[in-house]
Amino acid sequence: MTGVYPGSFDPFTLGHKDIVERALKFCNTLYIAVSDNINKKHLFSKEERVEMIRQTFKGNDKIIVESFQGLLVDYMLAKKASFIIRGLRAVSDFEYEFQMAFTNRNLESSIETIFMVPGSQYLFLSSTIVRDIARNNGDISKLVPKPVLEKFKKIY
Ligand code: PNS
């Protein structure tokens with residue numbers, strides 16, 4: 001099956017990577033679809049985020065990394081993909097994820113959302129936490145893939 005893993009990924013973390021690896025157990029092709037979240041102010045441009053994720057999965061031909069604009073469901077119809085993959089960490093994610101899943105279903109009833117749980121070491125990892133640690137000169141080497149780490153080294 002073809003899945004789409006959408007997100008703002010600002011930046012992509014090892015928690016996101018863990019979800020991708022789990023999704024590849026049942027997806028022949030997985031689109032990692034980078035977009036802007038209207039409720040967030042982003043640190044990296046969409047192009048920078050796409051580039052870091054592409055480098056992270058270089059050589060893996062089951063993964064296609066792209067950015068998209070507009071509605072996720074429209075992007076999915078264009079890719080002929082019916083499954084949205086989203087990671088769920090804690091109860092606090094639930095309301096937001098539920099709202100998004102139902103919104104997407106209301107917009108396009110053929111599309112299903114599949115929630116996946118990351119490895120327990122990533123339950124409390126988020127892009128916000130990574131940005132905060134990096135900005136304060138903390139060590140993020142165990143939290144992000146190498147290309148993301150290199151990018152942060154350049155800006156801080
Ligand atoms: O990683 P995030 O920030 O939780 O990702 C949210 C994202 C980018 C997947 C979501 O905001 C999105 O799908 N944006 C595209 C516009 C859209 O389709 N909105 C309606 C569904 S909420």
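P11 is found in the loop between β1 (2-7) and α1 (14-23), and that loop is where the exercises start. You're looking at a predicted model, so local features need pLDDT of at least 70 and side-chain atom pairs count only at pLDDT 80 or more, while totals for chains, interfaces and linings use all residues. Residues are numbered from 1 along each chain as its sequence is written, and side-chain values use heavy atoms, leaving out hydrogens and water.

**Exercise 1: Backbone oddities**

Task: is the peptide bond from D10 to P11 cis or trans, and what is the phi of K80 and of N137?

Solution:
- Step 1. Start with the usual picture: most residues other than glycine have a negative phi, and most peptide bonds are trans.
- Step 2. Go to D10 and P11: the bond joining them is cis, with omega near 5°.
- Step 3. Move on to K80, in the loop between α3 (72-79) and β4. Its phi is near 55°, which is positive even though K80 isn't a glycine.
- Step 4. Check how open K80 is: a relative accessible area of 73% makes K80 exposed. (Buried is under 20%, exposed is over 50% and partly exposed is in between, using a 1.4 Å probe and protein chains only.)
- Step 5. Now N137, which sits in the loop between α5 and α6 (146-155). N137 has a positive phi too, about 60°, and isn't a glycine. With 66% relative accessible area, N137 is exposed.

**Exercise 2: The overall layout**

Task: how many helices and strands does the protein have, and what pattern do they follow along the sequence?

Solution:
- Step 1. Count the elements: you get six helices and five strands. (These are DSSP runs numbered from the N terminus: helices are H or I with at least four residues, strands are E with at least two.)
- Step 2. Read them off in order, and the pattern comes out as β-α-β-α-β-α-β-α-β-α-α.
- Step 3. Look at the extent: along its principal axes, the C-alpha trace spans about 45 × 35 × 30 Å.
- Step 4. Add burial: 45% of the 156 residues count as buried.
- Step 5. Finish with the contacts, where heavy atoms lie within 4.5 Å. Take those with a separation of 6 or more: residues 24 or more positions apart account for 73% of them.

**Exercise 3: Charged pairs**

Task: which residue forms a salt bridge with E97, which one with E112, and which one with D132?

Solution:
- Step 1. Recall the idea: side chains of opposite charge can pair when their charged atoms come close. Here the test is a side-chain nitrogen of Lys or Arg within 4 Å of a carboxyl oxygen of Asp or Glu.
- Step 2. Search the whole structure, and 11 salt bridges turn up.
- Step 3. Pick out E97: its side chain meets that of R86, with N and O 2.8 Å apart. This pair ties together distant parts of the chain, with E97 in helix α4 and R86 in strand β4 (residues 83-87), 11 residues apart.
- Step 4. Check the cover on both partners. E97 is buried at 5% relative accessibility, and R86 is buried at 14%.
- Step 5. Turn to E112: its partner is R105, and the closest N and O atoms are 3.2 Å apart. E112 is partly exposed at 33%, and R105 is partly exposed at 38%.
- Step 6. Last comes D132, which pairs with R135 at 3.8 Å between the closest N and O atoms. Both lie in helix α5 (residues 127-135), three residues apart, or about one turn of the helix. D132 is partly exposed, with 39% relative accessibility.

**Exercise 4: Helix α4 and the loop after it**

Task: is F98 buried, partly exposed or exposed, and which residues does E108 touch, leaving out those up to four places away in sequence?

Solution:
- Step 1. Locate F98: it belongs to helix α4.
- Step 2. Read its accessibility: F98 has a relative accessible area of 38%, so it's partly exposed.
- Step 3. Continue to E108, in the loop between α4 (91-107) and β5 (112-116).
- Step 4. List its contacts, skipping residues up to four places away in sequence: E108 touches V73 and L77.
- Step 5. Try a distance as well: E108 and F68 are 40 residues apart along the chain, and 17 Å separates their C-alpha atoms.
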